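Let's take a walk through a protein model together, starting at its surface and working inward. Keep the picture open beside you as you read.

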Amino acid sequence: MSNVVRERHSLMFRPRSYMAFAIAPQPPIVDWLSALDASLGRSESFFAGQHVALDLSAVNLSSNAIGQLVANLEERNIRVLGIEGVDPAKWQPGLPPVLRSDRVLRISEPVQLIAPAAPTPEAVRPPPQKQQPASLMIEDPVRSGQSVVFMEGDVTILGSVGSGAEIVAGGSIHVYGALRGRALAGATGDGRARIFCHRVEAELLAIDSYYRTADEIDDSMRSRPAQAWLEGETLQISTMN
Amino acid sequence: MAQVLVVTSGKGGVGKTTSTAALGAALAHDGAKVVVIDFDVGLRNLDLVLGAERRVVFDLINVINGVAKLPQALIRDKRLETLHLLPASQTRDKDALTEDGVAKIIDELREKFDWIICDSPAGIERGATLAMRYADTAIIVTNPEVSSVRDSDRIIGLLDSKTAKAERGERVDKHILITRYHSSRAARGEMLSINDVLEILSTPLLGIIPESQEVLRASNVGSPVTLNNPLSAPARAYFDAARRLKGEHVAMVVPSETRGILNKLFSRKAA
């Protein structure tokens, strides 16, 4: 996940649901794996890039055996996102997290792995839900040492961004207080992103991968409302009043 | 209802220990029961500033390890009978502090005292995070210069995320205490102004302690400045800050130079 907000608990919770295939091994595991290999032989890239949950309710495995099974699946390019149907006490570091199955949205029709008209991964994805505009609003000042990373879109900060703090956004960055730290907009390669702030005292401004340090920001701009944008390969800064 | 205070700053040498002692004595002066805890394990100082260094038997780490009971480790001040010290260990390091041990001590102290003041070590490591861990209120000691202010900003971020209160979704009350304020240097622009500091930290002000020889003089004789010379400018500023902590409304006075006319004439001649 690219959405990381360090040291700010109030910002961390962003519920989100993902589509995942649940695969449920049957005992004996060795036979089940060879059956899986046979299926994969016919549809090699079926699991490529897919989220896969491992449903262990049909088998009774020790922690080590679970680890072994996850490794076996990884050898087949099946990356396990989480495990379910297992006693959480069996979990140990290194294993994928235990999923709470009461929260799993079950889709009644199992997807056929080898049906002639095998549904392509795209076909089984849920219809796109109403898109929420991707933006992150932070009402408190961002303090020195804190880092706000939001690759999905714009970041709006109502307070100030302290010296030594850092804002990284996939889209534009708006700061309604003083910007004294670092602001990196368009971090996913979006050259159209901009940075707006009420007072520019930034240590570094960057858009896409083009940047300017405080030294290269004209002193006449200092402490004034400003915006930064990209013109070709040059980061431009101008005051806004 | 006991209040747990942490006196913290991030940066070293800004006056945390001096302020802990001065505020502790000011609060105890009115009869409130106060305990000050030194969290600077390995580099303890609070015992010296309170003049209790010759009476330390057991310390914070002894209590955490179960070697001593809490009442055995508490040292009562000789001048103010409601002021107590829980000293740090000088022979151990911060790794000897445990979260559970600190929690137990704070809970036990909450039963007996009105104010529990935790003197944080500098830095943002174990000692500092455990000192702030169970605080209800934080006093961030800041000098009016950029490195101190940035470190304070960092500490405020930690207070908003790493304390038990923050993890429960509540907020630690935060106050800035500006120390070593020098009015003439601020006027000449050699120091950040009070407004600059408050604007950068966007946190309310608890008090402004002027730079003064009295502070050093008091430390050297092992007495909080509020006891050693209660009428001096820094002591009065600490008394005002203590009253604000208790919720009283006290007008904020920006300290100005209090020099006699002879002094002024003399300095003009010299200049």
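On the surface of this predicted model, A:Met137, A:Leu158 and A:Tyr176 form a nonpolar patch. Taken together, these three residues offer about 330 Å² of accessible area. To find A:Leu158, look at the loop between strand E7 (154-157) and strand E8 (166-169) of chain A. A:Leu158 has a relative accessible area of 39%, and because buried means under 20% and exposed means over 50%, A:Leu158 counts as partly exposed.

Now step back and look at the whole of chain A. Its secondary structure comes to 3 helices and 15 strands. The chain has 241 residues, and 40% of them count as buried. Its accessible surface is about 13800 Å², with 51% of that belonging to carbon and sulfur atoms. Take the contacts in chain A between residues at least 6 apart in sequence: 37% of them join residues at least 24 apart.

How are the strands of the open sheet in chain A ordered? The order of its 6 strands is E5-E7-E9-E11-E14-E15, and the pairing is mixed. Strand E5 (135-138) and strand E15 (234-239) of chain A stand at the edges; each has a single partner strand, so one side of each has no neighbour in the sheet. From one strand to the next, the twist averages 20 degrees. As a general point, strands of a sheet pair through backbone hydrogen bonds, either parallel or antiparallel. Here, strand E11 (residues 195-200) of chain A pairs with E14(A) in the antiparallel sense over 3 bridges. One residue to trace is A:Cys197, whose bridge partner in E14(A) is A:Ala226.

A:His174 sits in strand E9 (residues 173-179) of chain A. Which residues does A:His174 touch, leaving aside its neighbours within four places in sequence? The contacts are A:Asp154, A:Val155, A:Thr156, A:Ile157 and A:Phe196. A:His174 and A:Ile157 are 17 residues apart in sequence, while their C-alpha atoms are 6.1 Å apart in space.

The loops of chain A hold some backbone details. A cis peptide bond, with omega about -10 degrees, joins A:Pro27 and A:Pro28. You will find A:Pro28 in the loop between strand E2 (21-23) and helix H1 (29-42) of chain A. Two loop residues have a positive phi without being glycine, and the table sets them out.

| Residue | Phi | Loop in chain A | Relative accessible area |
|---|---|---|---|
| A:Asp208 | near 55 degrees | between strand E12 (204-207) and strand E13 (210-213) | 29%, partly exposed |
| A:Ser223 | about 70 degrees | between E13 and strand E14 (226-231) | 33%, partly exposed |

Another loop residue takes us towards the second chain. A:Ser144 lies in the loop between E5 and strand E6 (147-150) of chain A. Is A:Ser144 buried or exposed? It is buried: its relative accessible area is 6%, and buried means under 20%. Leaving aside neighbours within four places in sequence, A:Ser144 is in contact with A:Ser163, A:Gly164 and A:Ala165, and also with B:Arg150, B:Asp153 and B:Arg154 of chain B.

Chain B has an open sheet of 8 strands, in the order E3-E4-E2-E5-E1-E6-E7-E8 and with mixed pairing. Its edge strands are strand E3 (75-76) and strand E8 (205-210) of chain B, each pairing on one side only. Strand E6 (residues 137-142) and strand E7 (residues 173-181) of chain B pair in the parallel sense over 6 bridges. Within E7(B), B:Ile178 is the bridge partner of B:Thr142.

Which strands does helix H1 (residues 16-29) of chain B lie across? They are strand E1 (3-8), strand E2 (34-38), strand E4 (83-86), strand E5 (115-119), E6 and E7 of chain B. The helix runs at about 170 degrees to E5(B).

Our last stop is helix H6 (residues 126-133) of chain B, which is mostly covered, with 6 of its 8 residues buried. The buried residues are B:Gly127, B:Ala128, B:Leu130, B:Ala131, B:Met132 and B:Arg133. What covers them includes E1, helix H5 (99-112), E5, helix H7 (146-159) and helix H8 (164-167) of chain B.

Methods: Residues numbered from 1 in each chain as written. Chains lettered and ligands numbered in written order. Predicted model: local features only at pLDDT ≥ 70, side-chain atom pairs only at ≥ 80, totals over all residues. Heavy atoms only, no water. Pairing = 2+ DSSP bridges. Helix = DSSP H or I, 4+ residues; strand = E, 2+ residues; numbered from the N terminus. Contact = heavy atoms within 4.5 Å. Axes fitted to C-alpha atoms, helices over the stretch in contact; angles between N-to-C directions. Patch = residues over 30% accessible without salt bridge, like charges linked within 9 Å, V, L, I, M, F, W, Y side chains within 5 Å. Areas by Shrake-Rupley, 256 points an atom, 1.4 Å probe, with all protein chains shown as cover. Salt bridge = Lys/Arg side-chain N within 4 Å of Asp/Glu carboxyl O. Buried < 20%, exposed > 50% of the residue type's maximum accessible area, 1.4 Å probe, protein only.
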